[in-house]
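Trainee: Please take one part of this model and go through it closely. I would like the helix contact first, then whatever surrounds it.

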Amino acid sequence: MANEKRIRDLFLKLVSFDSESFNENEIGTYLTGKLSGLGLKINTRKTTKNEFLKAHPDSHPNIYAVLKGNIPGDPILFSAHLDTVSPGTGKKAVISDDGFITSEGDTVLGADDISGLTAILEALSLIRERKADHRDIEILFTVSEEPFCEGSKYFNYDLIKAKTGYVLDLTGEIGTAAISAPSIISFETRVIGRAAHAGFAPEEGINALKVAADVITHIKTGRIDKNTTVNIGTIQGGTAKNIIPDDILLAGEIRSLDHVKALAKAEELEKTFREFAKKAGAKIRFKTTEHIKAYTVENNSEAVTLFKQACKNTDLEPELVNTFGGSDANRLNEAGIVTIVNACGMERVHSTGEFTYIKDLVRSAELTYSLMTAKI
C-alpha cells in the first residue's frame, strides 16, 4: 500500500506554494530537490527555451529527470504540471475526518495538478523503499500548463527517450484515462464599420455590432457534432448609446477531436464573417491561433495495454474516454511520444469548490507505481 501519511503531508506541502501560471519558481525549486533526493538525475542541459524564461522570469524551467532502471525495455515517461489557475495565491487545504480535502473557499485547492505531482513522487518513493525492478523512468514536470500548455510548448523534446507516456491530469474515477483530446483553436474577429450619430445621421453609419449579431445568429455554436464545439465567448466595443458602433471585437474558440475539422471550421467562420461584412459595407480582420493539436491513441498501443494491466494489478476497472480538455499529452503525442492522460484525484477543477479525497490520492499513487514497475 502507498503511504497515506506521506501522501497527505506531501499534498499539503505542495498546496502551500503559490504557483499560479508563470509563477512557479518556489515550487519548482522544491520539486527539483525532492526528485534529486529520490535518486533521480536532474538534467542540467537546457530543458526550456530561453525565450520563454526571459518572458517569464518568475516561472521555472520545465523539470526533466531520469531514474535509471535495472531491467530491459524502453524508458517510460510520467508527467504532471506545476502551475494552478487563479485564484491560487494563499491556498490553504481543509481536511475532514473522512479524508475529503478542499480549500477554505476563497482560492482553488490546486489538486489540478498537485494530485498528479503527489502520485508520481509517492510512486518513486515506493520504488526506492521496495527496491523494485523497473525500466528507466523519465519524469517531466512542466510549468504554465494552464494557459494552453504554454510551458511545454518551449520544452526540448529531444531529451525524452521514452516512446510511451502518462500525463496525470484528469478528473474522474481512478482507473479512467483519456485516449483522445481535441485541437484547440482560438479566434478573434474585428468588425470595422463606420461611426455616426444614432439620432441625427444613422444612415451614414455602418453598425459593426449588428454585423456581429447577424453572424452570431447565423452560425451554429455549442456542440456542432460529437467531436466538435464552437464558442463565442466575449464581445467588446461601442463608445456611447447614441453612436453607431464602428469597432467590435469578438473572441472565441473551436475544439475538435479531428484536427482537419477544426481547421475547416475556422475557415468557415472567417468566410461567414467576411460575407456578412461585405453585405453591410464593413470590413473584417480575422485572426486564429492554434494552441494544441488533437490526438487519438490506439487501443492496442503499449500505453493502453500497460494501463489496463496496471489497473488489474491494483483492483481498478479501466475506463478509456475522450476528453474535450487539452493537456501536455497533446504536445507529447505531437512529439511522437504515445501518451494518455490518467485521472489522479481532482474534481471541480478551476473553481473554488475544487476537491479531492486522500483515498483517491492513495489509489492514484498505487496505480502509478504499478505502471512504473510494469514489465512487457
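**A helix pair and its surroundings**

Mentor: Helix H4 crosses helix H10 in the right-handed sense. Keep in mind that the model is predicted. H4 covers residues 111-130 and H10 covers residues 358-372. The two axes lie 8 Å apart and meet at an angle of about 55 degrees. That angle falls outside the parallel, antiparallel and perpendicular ranges, so H4 is oblique to H10.

Now the residues that make the contact. H4 contributes Ser115, Ala119, Ile120, Glu122, Ala123, Leu124, Leu126, Ile127 and Arg130. H10 contributes Leu361, Ser364, Ala365, Thr368, Tyr369 and Met372. By class, the contact between H4 and H10 has 10 nonpolar residues, three polar and two charged.

Look next at the backbone of H4. The peptide bond from Asp112 to Asp113 is cis, with omega near 20 degrees. Asp113 belongs to H4. As a rule, most peptide bonds are trans. So this bond deserves a look in the viewer.

Asp112 also leads to a loop residue, Thr84. Thr84 sits in the loop between strand S3 (76-81) and S4. Its relative accessible area is 2%, so Thr84 counts as buried. Beyond four places in sequence, Thr84 touches Asp112, Val108 and Gly110. Ser19, Glu20 and Ser21 are also among the contacts of Thr84, as are Lys91 and Glu146.

That loop holds another cis bond. Ser86 to Pro87 is cis, with omega near 0 degrees. Pro87 is in the loop between S3 and S4.

Follow the chain on to S4. Strand S4 belongs to an open sheet of three strands, ordered S4-S5-S17 and paired antiparallel. S4 (93-95) and S17 (355-357) are the edge strands, each with a single partner, so one side of each has no neighbour in the sheet. Neighbouring strands of this sheet are turned by 25 degrees against each other on average, direction ignored. S4 pairs with S5 (residues 100-103) over three bridges, in the antiparallel sense. One named pair is Val94 with Thr102 of S5. Helix H1 (residues 4-15) packs on this sheet and touches S4, S5 and S17. The direction of H1 makes about 150 degrees with that of S4.

Two more backbone points follow. Phe148 is in the loop between strand S6 (137-142) and helix H5 (150-153). Cys149 lies in the loop between S6 and H5 as well. Phi of Phe148 is near 60 degrees, a positive value in a residue other than glycine. Cys149 is not a glycine either, and its phi is positive at about 55 degrees. Most residues other than glycine have a negative phi. Their accessibility is worth reading too. Phe148 has a relative accessible area of 29%, so Phe148 counts as partly exposed. Cys149 has 1%, so Cys149 counts as buried.

For comparison, take a stretch of strands elsewhere in the chain. S10 (residues 222-225) and S11 (residues 228-237) run antiparallel and share three bridges. A hairpin of two residues joins S10 to S11. Asp225 has Thr228 of S11 as its bridge partner. S11 then runs antiparallel to S12, with nine bridges between them. Ile232 stands opposite Gly252 of S12.

S12 (residues 247-256) also carries Ile254. At 0% relative accessibility, Ile254 is buried. The C-alpha atoms of Ile254 and Ile232 are 9.0 Å apart, with 22 residues of separation along the chain. Leaving out residues up to four places away, the contacts of Ile254 include Ser183, Ile184, Ile185 and Phe187. Thr229 and Val230 are also among the contacts of Ile254, as are Ala262, Lys265, Ala266 and Leu269.

Last, the whole protein. The protein has 10 helices and 17 strands. Its C-alpha trace spans about 85 × 45 × 40 Å along the principal axes. Of its 376 residues, 52% count as buried. Among contacts with a separation of 6 or more, 81% join residues 24 or more positions apart.

Definitions and conventions: Residues are numbered from 1 along each chain as its sequence is written. This is a predicted model: local features need pLDDT of at least 70, side-chain atom pairs count only at pLDDT 80 or more; totals for chains, interfaces and linings use all residues. Side-chain values use heavy atoms; hydrogens and water are left out. Two strands pair if DSSP finds at least two bridges between them. Helices (H or I, at least four residues) and strands (E, at least two) are DSSP runs, numbered from the N terminus. Axes are lines fitted to C-alpha atoms, for helices over the stretch in contact, and angles run from 0 to 180 degrees between N-to-C directions. Contact means heavy atoms within 4.5 Å. Angles under 35 degrees count as roughly parallel, over 145 as roughly antiparallel, 65 to 115 as roughly perpendicular and the rest as oblique. A crossing is left-handed if the near helix is turned anticlockwise from the far one by less than a right angle, and right-handed if clockwise. Ala, Val, Leu, Ile, Met, Phe, Trp, Tyr, Cys and Pro count as nonpolar, Asp, Glu, Lys and Arg as charged, and the others, Gly among them, as polar. Buried means under 20% relative accessible area, exposed over 50%, partly exposed in between (1.4 Å probe, protein chains only).
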